[in-house]
Amino acid sequence: MQTVPIPSPPAIPFLGHVNTIDRDLPIRSLMLLAKQYGEIYQLSVYGHKKIFINSYELQNELSDEKRFFKKIDFNLNEVRNAAGDGLFTARPDEPNWHIAHRLLMPCFSAANVYNMTDGMMDIISQLILKWERFGPKGLIDPSTDFTRLTFDAIALCAMSYRLNSFYREDLPPFAIAMADFLVESGKRASRPAIVQNMMTATNAKYEEDKRIMMQVVEEIIENHRANPPEKPDVLSTMLNGRDKETGLGLSDENIRNNLLTFLIAGMLTFTVYYLLKNPEALRKLREEIDNTLGGRTMSVQDVNKLPYLLAVMRESMRLSPTAPARSVAPLEDTVIGGKYFVEKGTFMTINTVATQRDPKVWGEDAEQFKPERMLDGKWEALPQNAWQPFGFGMRGCIGRPFAWQEAQLALVTILQRFDLVMHDPAYELELKQTLTIKPHNFLIHAIPRKNKPSLRSVLSVSQDAEKAPTAQTASNAAAPASGTAELKPMYVLYGSNTGSSESFAQRIASEAPALGFRASIGTLDSAIDRHPKDGPVIIVTASYEGQPADNAAHWVEWMSNVQEPDAFKGIKYAVFGCGNRDWVKTYQRIPTLIDETVAAHGATRLVPRGEGDAGGGDFFESFDKWMKALADALLKEYQTTKSEDVAAMSVKFVSPGTARAEALRQKDAALGAVVENKLLTSPNAPAKRHIEFALPEGMTYRAGDYLAVLPANSENIVRRALARFGLSAEQEASIELSSAGPTSLPVNKPVAAYTIFSGYVELSQPATTRDLKTLLKAKNTEASTKALQDLSANYSDKVLKRRLSVLDILEENPDIDLPLATLLHMLPAMRIRQYSISSSPLWNAQHVTLTISVLEAPPIPGRTEPFFGVASTYLASLRPGNKVQLSVRASNAAFHPPTDLTVPLVMICAGSGLAPMRGFIQERAMQKQAGREVAKSLLFFGCRNPKEDFLYGDAELKEWSEMGVVDIRPAFSRSPDDSKGCRYVQDRLYHDSDDVVEAFQKGGKLFVCGSSKVANGVKQALVRFFKETKKSSEEEALVTFDKVMNGRYATDVFE
């Protein structure tokens, strides 16, 4: 039989691939290598060879226990330092494994596990009581609490021993020692012995962790012998049982080893994460629980009787198996996959996380959480050995029935009693790896499911969260102002990804005291199943390609499925929607859905729904007009009185310091570092830059994702603002702010004015008509009054088109006497900016690159200051080593390259719209370098001139083109003779339509990135093609476009 070499990454002589694997999170490196090399690859560390398996077909073949046996890998070998020959760590030839397996298998039969239900519910009730005591604002680490649950439940049910983890502030020493021991065991597996021997402090800690664990195990055994339980338990069998085949029992040492093995477990945290990221699945599960059980406690008769619950758990375990990998070795020299030769005894690790995402079994959407793939006979129809989260065969997890039942009881009980909300709605899965893997930095709030008349207890949940990188959520709760006790309650809810809706919501909340209201503010997700009727509910939310914001998804899903006709009767509400008209089919979809659904179920609309078009010039003006109508409606409906005397913001000047102020957010955990920042264009073209960042620890990304950056205003504009108000940049703690309502500014503590102007407010945004009215109310001279009236009368031409900011107006009219507090109240909070990532994690999993346009415009007539884009100017000024507050945001699920590498990509972009396409091509190039078959893709790229702004044209694009990964079709607007006579990218697309058709016939997918003008031009070119080739009308061509492109056309449009 002819064989082929097993692919392997480049290695370092003698050391091999020691630096290829992330020591803290090996699974991430293994997954990236699987994506690059495919179904199999080989690594060597210090001369030890190991083969990694990543496809279902090979996993199925290696599940033949007549050909392959379980191999204790290097990590498990280190765990043996404490667990010895326990069930999980025993070698095949150790007799104790066979004795223990035969003795203990019956203990974990379905019938015996059913008898453990009362003990499980005992511990689950302790978790519930803890979460209830925490209340809705309490910050919960589910991974830690589920660890407590697992430890306590197995100890009580199997050993009749109470660890009482829930009666401690911190995890018990045993749990901490075990976690540290497992982490260090993993690290020791990749260290040379000579290095390990020199690490005396680390070795001492390792031995101390072993001592702590063994001490607890000894206590459990001694307690059991001294006080044997009335009903025999698992430990009774271990102490007293005799193997029927050999007549032997277990030694005390083996009993200790197995007790320790039982305490290494856990699976619930991932399930909670996937449910919170998928509101529809959470709703369906809650409905199944409510309809089946109502309010009664789940009993043993209900276990395995809830189909959707089982589907959720199976799907969660598919994506994040408890045992992420297992190792086997061939009993004899063999060939696997029909072409890979493997010697007898060679380590072979089955990467279960990868094999359970194999598109050949699970489909192109294998990366997505879809419990439905486990329903309606699909589970039973799965090919054999496709689902192996608990290991396999004789060496599979013996405690699976216990873990499976405990998870069902716990999940049902939690969802019966709580609405769960992520502390950071934008959180994307981070991992922590010991022997198993768990979510890292995943925090939630548990809101009791009770029909309370008020939202006060939950509305500020997300407001206090410090989620990177938006300044909005660093907002501080203001100290109650005098007189606020007489104010009426108002509830302001928002759904926001990029910060615009949240900024508007905070505007409403901050102006509430002047209208006679005391506002609470929070995300829509924090208000599930709460119906406040003692005050107005004001909702500001956005649509993102027709979908709700991350922090509104659960609320929208819940609201959309409310059944009671009068569910919202008695509620008085108003809705303002943010959107972009370029998305014609989905513009204002979510705000409209909320407005119509709430009204249809009995709520009273205070004012017609407001609309703000982020792509238009009157975005902020639209909100101001709607806010005016809302204010009038509130005053009339609630009989309150508008007060001009209520100070929404006050500023106290305090003693200045001498040191230069430090930016407030530099201590934030989500700080990335600049590695490189270079200009890509010639001096004759608008500047475009390539910027490389080192990501914060634990942050991951996919090709096509966004990098969200919290910028700062330029030093020039900050100094202008300081000068206008007579402040010094050298004053370290020059002012102290206080606020009558929620605010995004740091309040009740001294802070530098430079810091406020630099990082907390937008200084360049065009003034709104509301701003002009505020300026007119300030102390003015006749000249400034006349100037402001002229700006108001000619707002569109003299303010909006000229992008005249409040600061610009104040500088042009120095006699306007505006208090600093009023200015800070007027200015919108600093917003995050999202940029498409232009790299692939296969290139570097810890680094990302951006490809950005630097926005610079000449001075407007009558001004000397040019206009600079806030974020692009900030990014352009960065130097290697600078710290930046950033986070990765997932893009639309469709805007990622397909997993099938034989599917060609048709990529269309212009300017910095090349960013995600560069990441796609880079990923395909890395995969081709690894020896995989990769289809050639088409890149249609528009720019000015091949010598001025053909981004990466003489570098990476040229290299990837020569590799055969991509065929580049440029369109040069100022040099069309160099691009087949085509000026624009849509022209080149039409010109080369035959090649596009050929790519589509091969299953190709089309991606568009650029301005709305580019996206519309591309669509028009394609519609024109369909119209001419099919001899159809415009309407018929549009129908053809929608039909042909369905599921094969993804866009990422920006302004």
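1. Val-113 is buried in this predicted model. Its relative accessible area is 1%, and because residues under 20% are classed as buried, the assignment of Val-113 follows directly from that value.

2. The residue belongs to helix α5, which covers residues 110–114. When neighbours within four places in sequence are set aside, the contacts of Val-113 are Phe-108, Met-120, Pro-401, Phe-402 and Gln-405. A further pair may be noted here: Val-113 and Val-300 are separated by 187 residues in sequence, whereas their C-alpha atoms lie 9.4 Å apart in space.

3. One open sheet is built from 5 strands, arranged in the order β1-β2-β7-β4-β3, with mixed pairing. Its edges are formed by β1 (40–45) and β3 (68–70), each of which pairs on one side only. On average, and with direction ignored, neighbouring strands of this sheet are turned by 35° against each other.

4. At the β3 edge of this sheet, the partner strand is β4 (residues 325–330), and the two pair in the antiparallel sense over 3 bridges. For a check on the register, the reader may locate Phe-69, whose bridge partner in β4 is Ala-329.

5. Helix α1 (residues 26–37) lies across three strands of the 5-strand sheet, namely β1, β2 (48–53) and β7 (347–351). The helix runs at about 135° to β1.

6. A second open sheet contains 6 strands in the order β25-β22-β29-β20-β21-β26, and here the pairing is antiparallel. The edge strands are β25 (833–836) and β26 (847–853), each pairing on one side only. The average turn between neighbouring strands of this sheet, direction ignored, is 40°.

7. Which strand pairs with β26? The partner is β21 (residues 688–694), joined to β26 in the antiparallel sense over 7 bridges. Within this pairing, Ile-691 stands opposite Leu-850 of β26.

8. Two helices should be considered together with the 6-strand sheet. Helix α30 (residues 870–877) lies across β20 (671–679), β21, β22 (706–709), β25, β26 and β29 (883–889), and it runs at about 65° to β25. Helix α31 (residues 914–929) also packs on the sheet, where it touches β21, β25 and β26. The direction of α31 makes about 145° with that of β26.

Note on methods:
Residues are numbered from 1 along each chain as its sequence is written. This is a predicted model: local features need pLDDT of at least 70, side-chain atom pairs count only at pLDDT 80 or more; totals for chains, interfaces and linings use all residues. Side-chain values use heavy atoms; hydrogens and water are left out. Two strands pair if DSSP finds at least two bridges between them. Helices (H or I, at least four residues) and strands (E, at least two) are DSSP runs, numbered from the N terminus. Axes are lines fitted to C-alpha atoms, for helices over the stretch in contact, and angles run from 0 to 180 degrees between N-to-C directions. Contact means heavy atoms within 4.5 Å. Buried means under 20% relative accessible area, exposed over 50%, partly exposed in between (1.4 Å probe, protein chains only).
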